[in-house]
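Work through the exercises below with the sequence and the structure side by side, and try each task before reading its solution.

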Amino acid sequence: MYAVAGASGQLGRLALGELIGRVGADKVVALARDPAKLADAGVAVRVADYDRPETLVPALAGVERLLLISGNAVGARVAQHKAVIDAAREAGVKLIAYTSILHADSSTIGLAEEHRQTEALLRESGLAFVLLRNGWYNENYTGALAPSVAHGAIIGAAGTGRIASATRADYAAAAAVALVSAQGGEVYELAGDAAFTMADFAAEVAQVAGKPVAYVDMPKADYAAALEGVGLPGFIAQMVSDSSFESSKDQLFDDSHTLSRLIGRPTTPIAETIAAALA
Ligand SMILES: NC(=O)c1ccc[n+]([C@@H]2O[C@H](COP(=O)([O-])OP(=O)(O)OC[C@H]3O[C@@H](n4cnc5c(N)ncnc54)[C@H](OP(=O)(O)O)[C@@H]3O)[C@@H](O)[C@H]2O)c1
């Protein structure tokens with residue numbers, strides 16, 4: 001039996017679909033804090049709330065392999081992930097695949113710290129585990145393109161850093177492959193086959209939109225202030241600008257092609273995601 005924790009999220013839904021396609025719906029359990037969100041998933045759904053440890057052992061009963069999708073409550077995640085790992089051990093889960101961050105052990109991106117601590121918890125757990133060290137999603141860059149096109153400018157603090165992103169669907173496929181095939185101990189550095197700079201990205205947006213769009217690089221603090229200015233909460237603005245600035249040092253770059261090898265096809269080019277977003 002396989003389980004996906006965080007199955008109601010954007011990556012989780014895709015991973016669930018990939019897993020069902022590989023092993024069949026009768027061998028998959030979807031875990032979510034709000035099962036109603038998965039009413040249409042076509043698999044058994046169990047309540048599993050990372051903040052309510054009492055839900056976790058029952059949710060994992062009979063599960064041998066668990067895909068633990070990192071939560072989105074930045075700052076609370078180490079305790080949440082620890083609760084899941086502890087419950088997995090108690091419930092007799094044999095292997096956990098965890099969605100970490102690219103090059104977690106050396107990453108200077110602020111968000112990496114909670115992933116490093118979760119990886120340490122997995123090592124200490126005695127369970128077999130697989131690290132899916134995901135790079136950035138293409139969708140992080142294409143989620144709000146309309147205002148950028150309208151203003152003819154994409155702002156950031158990424159300088160000329162190379163970004164090797166891939167789609168959520170690419171990472172979801174890798175998660176399903178790894179969950180099914182891993183022996184334990186694998187560390188996958190997962191990123192897109194091709195890298196772009198933010199100037200390359202803006203040029204592609206301009207090409208697809210048919211109007212001039214330039215990349216405007218700014219100091220990290222100015223970028224954070226600009227994000228706050230358009231309504232982002234302060235801590236999210238800081239987090240986004242930190243990740244952008246660190247990407248100027250190639251922290252989101254990897255050319256191992258591990259992701260495409262794992263999924264047996266090329267990763268989705270950023271141009272394709274831009275075209276879909278602007279269609
Ligand atoms: N690589 C990247 O570029 C990137 C970008 C953003 C985030 N991430 C990380 O990757 C994860 C997956 O990405 P995503 O795009 O799928 O994010 P998402 O759509 O926000 O999904 C997050 C999932 O975590 C679940 N969750 C949050 N708190 C929970 C709790 N207390 N108990 C149980 N489940 C909980 C959410 O459940 P609900 O549906 O109930 O909210 C949801 O299923 C994120 O959570 C984050 O850690 C990576």
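Two strands are said to pair if DSSP finds at least two bridges between them. Keep in mind throughout that this is a predicted model.

**Exercise 1. Determine how many bridges join strand S5 to strand S6, and in which direction the two strands run.**

Step 1: Locate strand S5 at residues 95-101 and strand S6 at residues 128-134.
Step 2: Seven bridges join these strands, so the requirement of at least two bridges is met and S5 and S6 count as a pair.
Step 3: The two strands run parallel, and an example of a bridge is the one in which Ile 101 has Asn 134 in S6 as its partner.

**Exercise 2. Place this pair in the sheet, and find which strands are the edge strands.**

Step 1: In general, strands of a sheet pair through backbone hydrogen bonds, either parallel or antiparallel.
Step 2: Here seven strands form an open sheet with parallel pairing, and their order is S3-S2-S1-S4-S5-S6-S8.
Step 3: The edge strands are S3 (44-47) and S8 (187-190), each of which pairs on one side only.
Step 4: From one strand to the next, the twist averages 20°.
Step 5: Helix H3 lies across S4 (65-68) and S5, and the helix runs at about 180° to S4.

**Exercise 3. Describe what surrounds the ligand, and which polar atoms of the protein lie close to its oxygen atoms.**

Step 1: The ligand is surrounded by 22 residues, the closest being Ser 8, Leu 11, Ser 70, Gly 71 and Asn 140.
Step 2: By kind, the residues of this shell are six nonpolar, 10 polar and six charged.
Step 3: A backbone N or O atom of Gly 9 is 2.8 Å from a ligand oxygen atom, the side chain of Arg 33 has an N or O atom 2.8 Å from a ligand oxygen atom, and a polar side-chain atom of Asn 140 is 2.7 Å from a ligand oxygen atom.
Step 4: On its own the ligand has 890 Å² of accessible area, of which the protein covers 85%.
Step 5: Helix H1 (10-23) and helix H3 (77-91) are the elements that give two or more residues to the shell.

**Exercise 4. Find where Lys 37 is located and what it contacts beyond its neighbours within four places in sequence.**

Step 1: Lys 37 is found in the loop between S2 (28-32) and S3.
Step 2: With those neighbours left aside, Lys 37 is in contact with Ser 8 and Arg 13.

Terms used:
Residues numbered from 1 in each chain as written. Predicted model: local features only at pLDDT ≥ 70, side-chain atom pairs only at ≥ 80, totals over all residues. Heavy atoms only, no water. Near = heavy atom within 4 Å. Polar contact = N/O pair within 3.5 Å; in protein donor to acceptor, adjacent residues only side chain to side chain. Areas by Shrake-Rupley, 256 points an atom, 1.4 Å probe, with all protein chains shown as cover. Nonpolar A, V, L, I, M, F, W, Y, C, P; charged D, E, K, R; others polar. Axes fitted to C-alpha atoms, helices over the stretch in contact; angles between N-to-C directions. Contact = heavy atoms within 4.5 Å.
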